[in-house]
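Got the viewer open? Let's walk through this one stop by stop, selecting as we go.

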Amino acid sequence: VVEGAPRGEEFTFDGLTHCTIGRAHDCDIRLPVGIGQLEVSRHHCLVEIEPPSARVRDLGSLNGTYVNGVKIGQRPRWQPAEDADPGPAADHELHDGDEIRIGFNVLRVEMTSVAEPAEDFTASAYVV
């Protein structure tokens, strides 16, 4: 995390992972609730790591999810979260160095790959 209350925290995921980010207790990456943090939805976005690629998907958040400053999804204010259908525009491929902004929090994506001696390929994605 490069900006926001959990600044400096690092989250590492190896292999196939679906990681929910938001302020709810059941999120894999839980962003703090407090003054200036209510722009983060309970279940704001989902990072899908399927080596060697990774994607982020807005989950119908009220204030939107941004990748490198570009909004990739947001539901209308009149629509309840459970009725939101963010559509295909809410799904965005991630690359090494991309930044995901959720409210005032910015998470930088670091993707690495390691070739095993037996020529097997494994990949990891880090959201920091």
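Start by selecting Leu31, in the loop between strand 3 (29–30) and strand 4. This is a predicted model, so keep that in mind at every stop. Is Leu31 buried or exposed? Leu31 counts as buried, with a relative accessibility of 1%. Now show what surrounds the residue: leaving out residues up to four places away in sequence, Leu31 touches Pro6, Ile21, Gly22, Arg23, Val40, Ile102 and Asn105. If you like drawing distances, put one between the C-alpha atoms of Leu31 and His44: 9.8 Å, for two residues that are 13 apart along the chain.

Next, go to strand 2 (residues 17–22) and pick Thr17. Thr17 is buried too, at a relative accessible area of 16%, which puts the residue under the 20% cut-off for that label. Which residues does Thr17 contact, once neighbours within four places in sequence are set aside? Val47, Glu48 and Ile49.

Now select the cysteines Cys19 and Cys45 and show their sulfurs. How many disulfides are there? The count is 0. Cys19 is in no disulfide, and the nearest cysteine sulfur to its own belongs to Cys45, 8.0 Å away. The view from the other end matches: Cys45 is in no disulfide either, with the sulfur of Cys19 as the nearest one at 8.0 Å. Since a disulfide needs the two sulfurs within 2.5 Å, the pair does not qualify. Check the surface while you're here: Cys19 is buried with a relative accessible area of 0%, and Cys45 counts as buried at 0% as well.

Move on to the loop between strand 4 (45–50) and strand 5, where you'll find Pro52. Colour the backbone and look at the link from Pro51 to Pro52: the peptide bond is cis, with omega about 10°. That deserves a second look, because most peptide bonds are trans.

Time for some charges. How many salt bridges does the structure hold? There are 3. Select Arg55, Asp91 and Glu93 together, since salt bridges link these residues in a network. Take Arg55 and Asp91: their side chains meet in a salt bridge at 3.1 Å, N to O. This pair links distant parts of the chain, with Arg55 in strand 5 (residues 53–58), Asp91 in strand 8 (residues 91–94), and their positions 36 residues apart. Then switch to Arg55 and Glu93, whose closest N and O atoms are 3.9 Å apart in another salt bridge. Arg55 lies in strand 5 and Glu93 in strand 8, so this pair ties together parts 38 residues apart in sequence.

Put a surface on the network and see how each member fares. Arg55 counts as partly exposed at 28% relative accessibility. Asp91 falls in that category at 25%, and Glu93 is partly exposed with a relative accessible area of 37%.

For another salt bridge, select Arg108 and Glu99, where the closest N and O atoms are 2.8 Å apart. Arg108 is partly exposed at 34% relative accessibility, and Glu99 counts as partly exposed at 27%.

Now bring up strand 6 (residues 65–67) and strand 7 (residues 70–73), which run antiparallel and are joined by 3 bridges. To get your bearings across the pair, select Thr65, which stands opposite Gly73 in strand 7. The hairpin has 2 residues between the strands. Click on Asn68, in the loop between strand 6 and strand 7. What is the phi of Asn68? Phi is near 55°, a positive value in a residue other than glycine. Why flag that? Most residues other than glycine have a negative phi. Asn68 counts as partly exposed, at 46% relative accessibility.

Last stop: rings. Select Tyr66 and Arg101, and look along the ring. The charged end of Arg101 sits over the ring of Tyr66, at 4.1 Å from the centre of the ring. And how many aromatic pairs turn up? The count there comes to 0.

How values were computed
Residues are numbered from 1 along each chain as its sequence is written. This is a predicted model: local features need pLDDT of at least 70, side-chain atom pairs count only at pLDDT 80 or more; totals for chains, interfaces and linings use all residues. Side-chain values use heavy atoms; hydrogens and water are left out. A salt bridge is a side-chain nitrogen of Lys or Arg within 4 Å of a carboxyl oxygen of Asp or Glu. Helices (H or I, at least four residues) and strands (E, at least two) are DSSP runs, numbered from the N terminus. Buried means under 20% relative accessible area, exposed over 50%, partly exposed in between (1.4 Å probe, protein chains only). Two strands pair if DSSP finds at least two bridges between them. Contact means heavy atoms within 4.5 Å. Rings of Phe, Tyr and Trp (its six-membered ring) pair if their centres lie within 6.5 Å; planes under 30 degrees apart count as stacked, over 60 as edge-to-face and the rest as tilted. A charge sits over a ring if NZ of Lys or CZ of Arg is within 6 Å of the ring centre and within 35 degrees of the ring normal.
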